[in-house]
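Visitor: Could you take me through one part of this structure slowly? I am in my first year, so please go step by step.

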Amino acid sequence: MLLLHFIGVSCDKLPENDLDGMWQLLTIEKDGTTTDVKGNRAYWSFRREILQLNYKSESYKLKFYSHNSMESSKLHLYDFCTASAYEKETDDNEWLTNEKDLKDLNLFGLYLEEDNSSKSKYGVKFDIIKLNSSTLILSTQNEKLTFRKF
């Protein structure tokens, strides 16, 4: 009987936080101008410490990964890499360093800064303005991102 209890407990999902799940980017407010980007189909998917970024348009698809850490009302994104680099089995990942990848991340509202604490040398830190079961609002000194839970 005790063995069945442990099996049942071990098969349960790991606890999630409010950030876990898929979020659709709705608006980017940068330098006082708000842009509606809902039609761009940019999605942020959080699962524990991993963030997957997906962008789908008629002309191309983008996929990136990063690590994230959340402490109090702060969110730190770091160790950005392309999907193909993430899926390699070796540890020689190609961390984002080229201008094309950095510019592509702008479609997700990400304007990375140098971050010497991460492998990719780039990161971004957000203040979490609002986080509940349906809405996520992140901000930096220069921008504000609004999401809906998807």
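Guide: Here is a close look at strand E9 and its surroundings, followed by the pocket and a few of the turns.

Please keep in mind that this is a predicted model. Before we zoom in, let us take in the whole chain. The chain has three helices and 10 strands. Following the sequence from start to end, the order is α-β-β-β-β-β-β-α-α-β-β-β-β. The chain has 150 residues, and 39% of them count as buried. Among contacts with a separation of 6 or more, 47% are between residues 24 or more positions apart. The chain exposes about 9,400 Å², and carbon and sulfur atoms supply 49% of that area.

Now find strand E9, residues 135-139. How many of its five residues are buried? The count is five of five, so strand E9 is mostly covered, where buried means under 20% relative accessible area. In a regular strand the side chains alternate between the two faces of the sheet. You can follow this in E9: Thr135, Ile137 and Ser139 point one way, while Leu136 and Leu138 point the other way. The residues on both sides are buried.

Next, look at the strands that pair with E9. E8 runs antiparallel to E9, and four bridges link the two. On the way from E8 to E9 the chain makes a hairpin, with three residues between the strands. E10, which spans residues 143-149, also pairs with E9 in the antiparallel sense, here over five bridges. E9 and E10 are likewise joined by a hairpin, through three residues. Ile137 is a handy residue to put your finger on. In one direction, Ile137 has Lys130 standing opposite. In E10, the bridge partner of Ile137 is Thr146.

Let us step into the loop between E9 and E10, where Asn142 is found. Is Asn142 buried or partly exposed? Asn142 counts as partly exposed because its relative accessibility is 45%, and that label covers values between 20% and 50%. Asn142 also takes us to a much earlier stretch of the sequence: Asp31 is 111 residues away along the chain, yet the C-alpha atoms of Asn142 and Asp31 are separated by 5.8 Å. Beyond its neighbours within four places in sequence, Asn142 is in contact with Glu29, Lys30 and Asp31.

Asp31 belongs to a turn of its own. Strands E1 and E2 form a hairpin with two residues between them, and Asp31 in that turn has a positive phi of about 50 degrees. E1 covers residues 21-30 and E2 covers residues 33-36; the two run antiparallel and are joined by four bridges. Within this pair, Ile28 stands opposite Thr35 in E2.

Two further loop residues have a positive phi as well. Arg48 is not a glycine, and its phi is positive at about 60 degrees. You will find Arg48 in the loop between strands E3 and E4, and Arg48 counts as partly exposed because its relative accessibility is 34%. Ser72, also a residue other than glycine, has a phi near 55 degrees. Ser72 lies in the loop between E5 and E6, and with a relative accessible area of 71% Ser72 is exposed.

Let us go back to E8, since it leads us to the largest pocket. Rolling a probe the size of a water molecule over the atoms shows where empty space is left. The largest pocket has a volume of about 240 Å³. Its lining is made up of 13 residues, and nearest its centre lie Tyr111, Glu113, Gly123, Val124 and Lys125. Which strand gives the largest share of this lining? That is E8, with three residues. Strand E7, residues 113-114, supplies at least two residues as well. Sorted by class, the lining has two nonpolar, five polar and six charged residues.

Our last stop is His76 in strand E6, which covers residues 74-82. His76 counts as buried because its relative accessibility is 15%. Leaving aside its neighbours within four places in sequence, His76 is in contact with several residues, among them Val124 and Lys125. Those two are also among the residues that lie nearest the centre of the largest pocket. Other contacts of His76 include His67, Asn68 and Asp115.

Conventions:
Residues are numbered from 1 along each chain as its sequence is written. This is a predicted model: local features need pLDDT of at least 70, side-chain atom pairs count only at pLDDT 80 or more; totals for chains, interfaces and linings use all residues. Side-chain values use heavy atoms; hydrogens and water are left out. On a 1 Å grid over the protein atoms alone, a cavity is a set of points where a 1.4 Å probe fits but cannot get out, and a pocket is an open set with protein on both sides within 12 Å along at least five of seven lines; lining residues have an atom within 4 Å of a point. Grid points are joined across faces, edges and corners, and a volume is the space filled by probe spheres set on the points. Ala, Val, Leu, Ile, Met, Phe, Trp, Tyr, Cys and Pro count as nonpolar, Asp, Glu, Lys and Arg as charged, and the others, Gly among them, as polar. Buried means under 20% relative accessible area, exposed over 50%, partly exposed in between (1.4 Å probe, protein chains only). Contact means heavy atoms within 4.5 Å. Accessible areas come from the Shrake-Rupley method with a 1.4 Å probe; for residues, only the protein chains shown count as cover. Two strands pair if DSSP finds at least two bridges between them.
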